[in-house]
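Please open the model in your viewer and keep the sequence panel beside it, since each stop on this tour begins with a selection. The tour goes from the whole chain to single residues.

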Amino acid sequence: MSDKLNPIIKFKEWFDLATEKEINDPNAMCLSTVDDNNSPHSRMVLLKDYSDAGFIFYTNYESNKGNDILRNTSVCLNFHWKSLLRQIRIEGKVEKVSKEISDKYFNSRHYLSRIGAWASNQSKILNSRSDLEDKIEFYKGKYPENKDFPRPDYWGGFIVKYSKIEFWEDMPHRIHKREVFELNNNDWVTYTLSP
């Protein structure tokens, strides 16, 4: 694939600039999923890795987003960098990363973030904050800070295997630039859209 038709090369250029210029969380992206009733749900997650293979984030597989994904693997990501007046929209199919990749990332996280993955029943109703704090203390006792401990089976990574990426750039008078890369019969095609 030529560099001109490789959307990851352009993504890297924009992402590197955002990493340099964006004040907070340049890796924050809106993840949109659809539930059993065809109702859309969006939330912010953090991009943790990307390559020609796709875009990786981590979560509790039993959370609302995890359940949506396991039922319908079509998702959309959206990066919006207000300071750069740019956004990137990504469509694709999502699947779990390998246990080895999830384990490696889990073990790289801060101790309390790993404890939090054990203690939180993400997206479930919490009777009181103290219930969560009690569970945190329980898991801190079970898994001391200076010891390795396992990743919960219900927590890990997803990779979005993209099939369409749109690069949107703000221009004067709302006559924006929109460049799309789309996978068509295993080849990338590129085209522009009207603003």
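What follows is a walk through a predicted model, one selection at a time.

Begin with the whole chain in cartoon representation, where the C-alpha trace spans about 55 × 35 × 35 Å along its principal axes. The protein has five helices and nine strands, and if you trace the cartoon from the N terminus on, the elements come in the order α-β-β-β-β-α-β-β-α-α-α-β-β-β.

Next, select residues 111-119, which form helix α4, together with residues 129-142, which form helix α5, and look at how the two axes come within 9 Å and cross at roughly 115 degrees. The crossing of α4 and α5 is right-handed. If you now show side chains, the contact is made on the α4 side by Tyr-111, Leu-112, Ile-115, Trp-118 and Ala-119, and on the α5 side by Leu-132, Lys-135, Ile-136, Tyr-139 and Lys-140. Coloured by residue class, the residues of this contact of α4 with α5 divide into eight nonpolar, two charged and no polar.

Move on to residues 177-184, strand β8, and residues 187-192, strand β9, which run antiparallel and are joined by six bridges. Within this pairing, Glu-182 of the hairpin stands opposite Val-189 in β9. Two residues lie between the strands of the hairpin of β8 and β9, and when you centre on Asn-185 you will find a residue with a positive phi near 55 degrees.

Stay with β8 for the next selection, and add Lys-10, which belongs to helix α1 (residues 7-21), and Glu-179, which belongs to strand β8. The side chains of Lys-10 and Glu-179 meet in a salt bridge, with 2.5 Å from N to O. This pair links distant parts of the chain, the two residues being 169 residues apart. In total, the structure holds 13 salt bridges.

For the last stop, select Cys-76, which is placed in strand β5 (residues 74-81). Leaving aside neighbours within four places in sequence, Cys-76 is in contact with Cys-30, Leu-31, Ser-32, Arg-89, Ile-90 and Glu-91. With two cysteines in contact here, how many disulfides does the structure count? The count comes to zero, because a disulfide requires a pair of cysteine sulfur atoms within 2.5 Å. Cys-30 is in no disulfide, as the nearest cysteine sulfur, that of Cys-76, is 7.8 Å away. Seen from the other end, Cys-76 is likewise in no disulfide, with the sulfur of Cys-30 as its nearest cysteine sulfur.

Finally, keep Cys-76 selected and add Lys-99, which is 23 residues apart from Cys-76 along the chain, and a distance label between their C-alpha atoms should read 24 Å.

Notes. Residues numbered from 1 in each chain as written. Predicted model: local features only at pLDDT ≥ 70, side-chain atom pairs only at ≥ 80, totals over all residues. Heavy atoms only, no water. Axes fitted to C-alpha atoms, helices over the stretch in contact; angles between N-to-C directions. Helix = DSSP H or I, 4+ residues; strand = E, 2+ residues; numbered from the N terminus. Left-handed = near helix turned anticlockwise from the far one by under 90°. Contact = heavy atoms within 4.5 Å. Nonpolar A, V, L, I, M, F, W, Y, C, P; charged D, E, K, R; others polar. Pairing = 2+ DSSP bridges. Salt bridge = Lys/Arg side-chain N within 4 Å of Asp/Glu carboxyl O.
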